[in-house]
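Q: Could you guide me through reading a contact between two chains, and then through reading unusual backbone angles?

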Amino acid sequence: MSEKGNSLWSDAWRRLKKNRLAMVCLGIVAFYTLAALYGEAVYQYYQAKDQTAFYQKTDLGQAYQPPSAGHLMGTDALGRDVMQRLIQGTRIAYKVGIITALIAIPIGVFFGCLAGYFGGRVDDFVVWLYSTVASIPGLLFILAIAMVVGKGLLGIYLGIGLTTWVGLCRLIRGEVMKHKGQAYVQAARALGLSWPRILFRHILPNVFHVIIVTFTLRFPAAVSTEVIMSFLGIGVATEPSWGLMINSARMRLWQGVWWEMTFVTLAIFGLVLAFNLLGDALRDALDPRLRTEGN
Amino acid sequence: MLRYIGKRILQMIPTVFGVILVTFVLFNMVGGSPAQQVLGPHAQADTLEQFDEQRGFNKPLFIGRRTTTRAYADSDFERTAGDWQGVNGVVWTNGTIILAAGGEYTLPVKFALRTDCKYDLEIEGRAGGITMLGREQLKLSKDWKKIHLRVKTLEKIAPSGAPVEIRSIKLRRIMSQPFDSQFVFYLTRLAHLDFGVSSSTNQRVSKLMLDGIGPSLMLAVPVFFIGLITSVMLSLFCAFWRDTWVDRFFVVFSVALMSVNYLVWIVGGQYLLGFKLGWFPVWGFEAVRYIALPALIGIFSGLGAELRFYRTVMLDEMHRDYVRTAQAKGASRTGVLFKHVLKNAMIPIITNTVIAIPFLYTGSLLLESFFGIPGLGYLGINAINSSDVDVVRAIVLVGSILFVIANLLTDICYAAVDPRVKLK
C-alpha cells in the first residue's frame with residue numbers, strides 16, 4: 001500500500017490501467033459480455049413469447065450463403081444466420097463460465113479456508129479430498145460426471161464445477177496459512193472474535209484477489225471444455241453452442257464452406273485469449289508476488 | 001531414505017482409497033445401473049435384471065438386507081393401477097386399488113422370482129385382512145397400515161372377508177448376507193484385478209485396455225518427448241534473449257497457442273494438412289505415417305502452456321545468486337545458461353515431466369477418436385457415448401492410480417536429489 005492510504009484495489013487498478021494490452025483485453029471482454037447479454041435478452045424475449053427464435057428458424061433456400069450484407073457471417077446448413085448463432089453461443093459460454101465458477105469457487109474457498117485456518121485433522125481431510133480429485137484424469141472425469149448426470153447443460157455445469165476447485169483450494173489454503181500467523185489475526189483472536197468471523201470477515205478479504213485471478217483464468221478453460229463437450233454430443237443439444245457449431249461446420253468445411261468454421265474459431269479464440277491475457281495482467285496488478293512473467 | 005519411501009507409500013493408500021470411493025460414488029450411487037441406456041427402452045425386465053446381476057447393480061449399495069428387484073416396480077397407485085391394470089376383480093379409484101373379496105390374486109411380476117432367495121412383499125392397505133394361501137391371516141385395520149409378507153415363490157394372496165384397499169405395494173429381494181453389497185462386490189473385483197465386462201462389446205475390460213495401450217503410447221510418447229524437447233529449447237531461447245522482442249514475441253505466441261481451442265487444432269489440421277494439402281492421411285491406423293499428423297497436432301496444442309511454464313522456470317533460475325557469481329567470474333552467457341541454469345532447472349522440469357507420464361496412457365481422448373487410432377482415448381470416448389460404465393470406470397481408476405504412483409516417484413526422485421526434502 002502506498003503512503004496515501006490507497007486501498008489494494010485502487011492501487012491494482014492504477015497498475016492495470018498502465019498496462020495497455022490489459023486494457024485492450026478488458027475492452028474485448030466487455031464487448032463479449034455485451035454480446036452475451038444481448039443474446040440472453042433475445043433468448044428471453046422469444047421464451048416469453050413462446051416462439052421459435054429467429055436464430056433457430058430454418059430456411060433451406062438460404063442455406064450456405066457466403067458472408068454478405070444481409071448475413072454478415074453467412075448462413076449455415078439450415079439457412080440460419082451464423083452471426084446470430086455465434087451471439088447465442090456467447091450466451092451459452094458465459095453461462096457455463098459463470099455457473100461452473102459459482103460451483104467451484106465456494107467449494108474451493110470453503111475447504112481452503114478451513115484447512116488453512118484449523119490445520120491438523122481438518123487439513124489432513126481437505127488435503128486428502130483434493131489430492132483424490134486431483135489425481136483423477138481431468139477431462140475424463142468431467143466427461144464421466146456428465147455421462148452419469150445425463151447429457152445437457154446440467155452435466156456440463158456439474159462436471160466442470162465439481163472438478164476444478166482443487167487449484168483454488170490449494171492457493172487459498174496456502175494464503176490463509178500465511179495470514180493466520182499475522183498480527184491482525186492474533187489481535188482478532190485476542191479480542192475473542194469467533195472463528196467464522198475471523199476467517200470470513202478478516203482473512204478472506206485479504207486473500208480475495210486470489211479468487212478473482214483464479215476466476216479470470218478458469219473462465220476461458222471452462223468455456224473451452226464446454227466447446228469440447230458439446231462437440232462430442234455430451235453437452236448442449238438444442239441450443240446453438242460453439243461446440244455444436246464447430247461440429248456442424250466441420251464436414252462442410254471440406255466442401256468449401258469456410259465461413260461458419262472460421263468465425264466460430266475466431267470467436268472462441270478472441271474470448272479465450274482476452275481472458276487469459278487479462279488474468280495474467282490482473283495477477284501482476286493484484287499480487288506482484290504471484291507474478292509469472294520474469295521481468 | 002527407506003523410511004521416507006515407506007512413509008510416502010503409506011500416504012498413498014488413502015488417496016488410492018479415495019479414488020476408488022469417488023468412482024464408486026459416481027457410477028454406483030449417482031449413476032445407478034445403466035442397463036436401460038445400454039439395452040434400450042424396449043428391453044425386457046429380466047434382461048435388465050440379468051445385466052444388473054452380472055455387474056452387481058442389483059445389490060444394496062454399502063450394506064443392507066433388502067434390495068430392489070426389477071420383477072416388480074414399486075407402485076403407489078397415485079395416477080394409475082400400474083401393472084394391476086386389467087387384472088380381474090381389481091378396481092382402481094383415487095390413488096388406491098381395491099381387491100374384491102373372495103378373489104385370489106397373484107402379484108403381476110415381470111418375470112419369475114428367483115428360487116435361491118426370499119422376497120419381502122410390503123403392502124400398505126386398510127380394511128379387511130389378507131391371507132397368503134395356507135398361512136395365517138395378516139390383519140389390516142380401518143387406518144392405513146403397512147404389512148410385510150415373506151414370500152418365497154409367488155403365492156396367491158386373497159382378501160379375507162371384506163375387500164381390501166391398497167395404497168402401495170413394494171417387492172424387495174432379501175439378501176442372505178447383509179455385506180453382499182455393491183461396494184464389496186466392487187472391491188472384491190478390484191482385488192482380483194477384474195474390471196468387468198464392456199456392455200457394448202461384451203469383451204473383458206482388461207483385454208480392451210491392454211489392446212488400447214499400445215496405439216495410445218505410439219501416439220503419446222512421440223508427442224510427449226518431442227513436445228518436451230521443443231518447449232525446453234524454446235524456453236532456453238527466451239531466457240537467453242529475455243527482455244527483447246524475441247522473448248516478448250514468444251510470450252504472446254505461447255498465450256495465443258494456448259487460446260486456440262483443441263478442437264480447432266484437430267479440425268483445422270485435418271482439413272489443411274490432411275485434406276487440402278494431402279501431406280498426411282486423414283484417418284486411420286495402418287502405418288507409421290498415420291501417426292504423424294495427430295502427433296504434430298498434439299505437439300502444437302501443448303506447446304503454448306509448456307513453453308510458458310518452462311520459461312518461468314528458467315527465468316526464476318536466472319535470478320539466483322549462483323548465476324550472478326558465475327557471470328562475475330567471467331563465464332559466458334551461453335555457458336551459464338546451458339551448464340548452470342539448465343542443470344538446476346532440471347528439477348522442476350523432471351517433476352513436471354514425471355507427473356505428466358500417467359496422462360500418456362489415456363493418450364489424448366480427442367486426438368485418438370478423431371484420427372481413428374484405436375487407443376484408450378478412443379475407447380474412452382466411445383464408452384462415454386454408449387454409457388459403458390465398466391470401461392469408463394476402469395480407465396478413470398487406472399489413470400488415477402498411475403498418477404498417484406507418478407507422484408510418489410517424483411517425491412522419491414526429489415528426495416534422492418535434494419537432501420533437504422527428507423527432513424520435512
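Q: How many residues does each chain bring to the contact?

A: Two residues are in contact if their C-beta atoms, placed from the backbone, lie within 7 Å. Here, chain A contributes 35 residues and chain B contributes 41 residues. The model is predicted: local features need pLDDT of at least 70, side-chain atom pairs count only at pLDDT 80 or more, and totals for chains, interfaces and linings use all residues. Residues are numbered from 1 along each chain as its sequence is written, while chains are lettered from A and ligands numbered from 1 in the order in which they are written.

Q: Which helix supplies the largest share of the side of chain A that touches chain B?

A: Helices are DSSP runs (H or I, at least four residues), numbered from the N terminus. H5(A) supplies the largest share, eight residues. Helices of chain A that each supply at least two residues include H4 (120-135), H10 (208-231) and H12 (259-286).

Q: Where does Leu193(B) lie, and what is its phi?

A: Most residues other than glycine have a negative phi. Leu193(B), which is not a glycine, has a positive phi of about 55°. Leu193(B) sits in the loop between helix H4 (182-191) and helix H5 (205-240) of chain B.

Q: Is Leu193(B) buried or exposed?

A: A residue is buried if 20 or more other C-beta atoms lie within 10 Å of its own, exposed if 12 or fewer, and partly exposed in between; C-beta atoms are placed from the backbone. Leu193(B) has 7 other C-beta atoms within 10 Å and is therefore exposed.
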